[in-house]
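Thanks for coming. I have one structure to go through today, and I will keep to what can be computed from its atoms.

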Amino acid sequence: MESPLSAVKRPRSFKPKKRLPKDIVGKYMFVLPGLLFLAVFMLFPIGYNVYLTFHNVTVFNIMSGYEFTWLDNYKAVLTDTVFLQSVKNSVVFTTLCLLFQFVIGLALALFFNKTFPGRGLFRALLLMAWMIPLVITGTLFQWMFAGEYGIINHFLLWANIIEEPIYWVSNEQTALYSTIIANIWIGIPFNMVILLAGLQSLPTDIYEAARVDGASKWRQFFAITLPLLKPTLFILVMLGIIYTFKVFDIILIMTKGGPLYASTVMPFYAYEQAFINYNFSIGATITTVMLALLIVVSLIYLRIARKEDEA
């Protein structure tokens, strides 16, 4: 006789679903806002910018369909004489700014690394050059370099260095260098602060041993200070290249890229093509080339830094 219990269906064996550990879920939820921010404000604009480089997008067809142009925009940009001039100007601008900002910033960092009365006050006054908005700084330097009433010409005439006023920002030979001087003045405090922090982190016992051995100040600087500052120098050079290579506002305020494109750098030329000539594809192509150049510089920096760590 069949048991009544045999008619009851036995439940299938229950296997609990695998769940992610709570700590992993918490970590992903913690970084989710940052990932969304990067996706919306960085990855999407960069991707759309690259998309524009393969299409013909102007103010006349921006609301209609885009024409796919393959690599025509890159060919037009790379064979454009004004673009090649802007690349040259960007290299000269970046190189000279980094060189003088580093040399003067290092000299000031060594000076403020000493203890003397009023050190904090003077250091704060120097930082004002970095804190002032670039619009104000550019306007001040434009007035200083003015041909008729600029203080630079007034001093040079008073010292009998020149015989007639020089129109610095409107002269094809001096316009770019006028903006370089302005940008050097802006970047010196940043270099000084970074280098001063690196100097204050160096161990003092090495210098005491060097003084006991009779090493001079110059010997200590080249044999101890510079080698120990290598990590700081690498970071400073990398940040300096990125910040200086994309300088735009000083050029716009002081020279507007002129005269005859003598002070036009790559960011300003991209702005001119996109928002003055309304050729959005060419402007996007120029900025994409800039991005590629900065990526190459970053990869070189990472390779050098990796070798330094392994050594």
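I will start with the overall dimensions, then take the cores, one helix, the ring pairs and some backbone details.

First, the conventions. This is a predicted model, in which local features need pLDDT of at least 70 and side-chain atom pairs count only at pLDDT 80 or more, while totals for chains, interfaces and linings use all residues. Residues are numbered from 1 along each chain as its sequence is written, and side-chain values use heavy atoms, with hydrogens and water left out.

The chain has 13 helices and 2 strands; these are DSSP runs, helices being H or I with at least four residues and strands E with at least two, numbered from the N terminus. The radius of gyration is 29 Å, well over the 19 Å that the globule rule gives for 311 residues, so the chain is more spread out than a compact globule. That radius is taken over C-alpha atoms, and the rule is 2.2 Å times the number of residues to the power 0.38. Along the principal axes, the C-alpha atoms fill a box of roughly 125 × 70 × 35 Å.

How much of the chain is buried? The figure is 34% of the 311 residues, where buried means under 20% relative accessible area, exposed over 50%, and partly exposed in between, with a 1.4 Å probe and protein chains only. As for contacts, meaning heavy atoms within 4.5 Å, residues 24 or more positions apart account for 66% of those with a separation of 6 or more.

Now the cores. By nonpolar core I mean a set of buried Ala, Val, Leu, Ile, Met, Phe, Trp, Tyr and Cys residues joined through side-chain atoms within 4.5 Å. The largest has 20 residues, and Phe93, Phe145, Ile180, Ile250 and Met254 touch the most other members. Helix 3, helix 7 and helix 11 each supply at least two residues of this core, and helix 7 gives the most, with 6 residues. Apart from this core lies another, of 16 residues, including Phe190, Leu202, Ile224 and Leu236.

Phe145 is worth a look on screen. Leaving aside neighbours within four places in sequence, Phe145 is in contact with Ile152, Ile166, Trp168, Val169, Ser178, Ile181 and Met254. Cys97, in helix 3, is buried, with a relative accessible area of 0%. On the same reckoning of neighbours, Cys97 touches Ile180, Asn183, Ile184 and Thr244, not counting residues up to four places away.

Next, helix 9. This helix covers residues 217-228, 12 in number, and reaches 15 Å from its first C-alpha to its last, close to the 16 Å expected at 1.5 Å a residue; the expected span is 1.5 Å times one less than the number of residues. Which of its residues are buried? They are Gln220, Phe221, Ile224 and Thr225. These four cover an arc of only 125° around the axis, which puts them on the same side of helix 9; the arc is that of the directions from the helix axis to the C-beta atoms. They pack against helix 3 (81-112), helix 7 (175-200) and helix 8 (205-212). Trp218, Arg219 and Phe222 are exposed, on the face turned away from the buried side.

On to aromatics. There are 22 aromatic pairs, counted for rings of Phe, Tyr and Trp (its six-membered ring) with centres within 6.5 Å; planes under 30 degrees apart are stacked, over 60 edge-to-face, and the rest tilted. Phe68 and Trp70 have ring centres 4.9 Å apart and planes at 70°, so this pair is edge-to-face. Phe68 is partly exposed at 41% relative accessibility, and Trp70 is exposed at 62%. Phe248 and Tyr271 also form an edge-to-face pair, with centres 4.9 Å apart and planes at 65°. Ring pairs also link Phe141, Phe145, Trp168 and Trp185 into a cluster.

Last, the backbone. Most residues other than glycine have a negative phi, and most peptide bonds are trans. Trp70 has a positive phi, near 55°, in the loop between strand 2 (67-68) and helix 2 (72-78). Leu260 also has a positive phi, about 55°, and is exposed at 69% relative accessible area. The peptide bond from Gly258 to Pro259 is cis, with omega near -5°. Pro259 sits in the loop between helix 11 and helix 12, as does Leu260.
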